[in-house]
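Here is a quick walk through one protein model, written for someone who likes to poke at the atoms. Load it up and follow along.

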Amino acid sequence: LSLVCAVPLNRITAAEPERPVPLIFDTDIGNDVDDVLALGMIHALEARGDCKLLAVTITKDNPLAASFTDAVNTFYGKGDVPIGVCQSGVTPQPGKFNVLAEKKDNGELRYPHDLTDPKQAPSAVTVLRKALAEAKDHSVVIAQVGFSTNLANLLKSPADDISSLTGEQLVKQKVKLL
């Protein structure tokens, strides 16, 4: 058997992506362990310089989801990552993991975090619009796990004081990969 290559192998190159890759993680964190593991993997990739976590947006409509996400981010030394929440009313149950953000009986936090009042968290669409508006064109990767609520709402969002672009226009101009 003989293989023939029309192009010498030393001429085949793939474009190396820019590092770090700007990343937004949209998640329904709290129902299962996959979202927590994915967020941990993102933090490990960020520590290696492979990505830059711009924001986390949550489709789990439970007040503890934002606090739990902040606790995970704080554990990895990234407690300042913006977190946005939806208010769809679709999944109000606390889930298996978000309860870890509750305080102990003595009032102390189980795990350190500063987003203890979920009302402090802005809407997911606001966080998405801000992260995209501040990013370079065609650079952002959005990793979405779970429901598509936040992304659908982003696409429907009108121009505002964050950006003169609609959500659909922002996605077309700023997102490289979903």
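## S67, tucked into a helix

S67 has a relative accessible area of 4%, and since the cut-off for buried is under 20%, S67 counts as buried. Bear in mind that we're looking at a predicted model here. S67 belongs to helix α2, and once you skip neighbours within four places in sequence, its contacts are A101, H113, L115 and T116.

For a sense of distance, take A143, which sits 76 residues from S67 along the chain. The C-alpha atoms of the two are 20 Å apart.

## N62, just ahead of α2

Step back along the chain and you reach N62, in the loop that links β2 (51-58) to α2 (63-75). Is N62 buried or exposed? It's buried, because its relative accessibility is 11% and the line is drawn at under 20%.

What does the N62 side chain reach? It gets to the backbone oxygen of P92, at 2.6 Å. P92 also turns up in the contact list of N62, along with T91, Q93 and P94, again leaving aside neighbours within four places in sequence.

## The second largest pocket

α2 shows up again in the second largest pocket, which holds about 240 Å³ of space. Helix α2 gives the most to this lining, with five residues; α1 (33-47) and α2 each supply at least two. Among the lining residues are V36, G40, F68, A71 and V72, as well as F97, L100, Y111 and P112.

If you're thinking about chemistry, the lining has 10 nonpolar residues, two polar ones and no charged ones.

## An aromatic pair on the lining

F75 and Y76 both line that second largest pocket. The count of aromatic pairs comes to one, and F75 with Y76 is that pair: edge-to-face, 5.1 Å from centre to centre, with 90° between the planes.

How exposed are the two partners? F75 is exposed, because its relative accessible area is 69% and the cut-off is over 50%. Y76, at 39%, is partly exposed.

## The largest pocket

What volume does the largest pocket have? About 400 Å³. Its lining has 19 residues, and the closest to the pocket centre are V21, P22, L54, A135 and S139.

Several elements chip in: β1 (21-27), β2, α3 (124-133) and β5 (175-177) each give at least two residues to the lining of the largest pocket. The largest share comes from α3, with three residues. By class, this lining splits into 11 nonpolar, two polar and six charged residues, whereas the lining of the second largest pocket has no charged residues.

## The chain as a whole

Zooming out, the protein chain has five helices and five strands. Starting at the N terminus, the elements run β-α-β-α-β-α-β-α-α-β. The C-alpha trace spans about 70 × 40 × 30 Å along its principal axes.

Of the 178 residues in the chain, 39% are buried, S67 and N62 among them. As for contacts with a separation of 6 or more, 78% are between residues 24 or more positions apart.

Terms used:
Residues numbered from 1 in each chain as written. Predicted model: local features only at pLDDT ≥ 70, side-chain atom pairs only at ≥ 80, totals over all residues. Heavy atoms only, no water. Helix = DSSP H or I, 4+ residues; strand = E, 2+ residues; numbered from the N terminus. Buried < 20%, exposed > 50% of the residue type's maximum accessible area, 1.4 Å probe, protein only. Polar contact = N/O pair within 3.5 Å; in protein donor to acceptor, adjacent residues only side chain to side chain. Contact = heavy atoms within 4.5 Å. 1 Å grid on protein atoms, 1.4 Å probe; cavity = no way out; pocket = protein on both sides within 12 Å on 5 of 7 lines; lining within 4 Å. Points joined across faces, edges and corners; volume = space filled by probe spheres on them. Nonpolar A, V, L, I, M, F, W, Y, C, P; charged D, E, K, R; others polar. Phe/Tyr/Trp six-rings, centres within 6.5 Å; stacked < 30°, edge-to-face > 60°.
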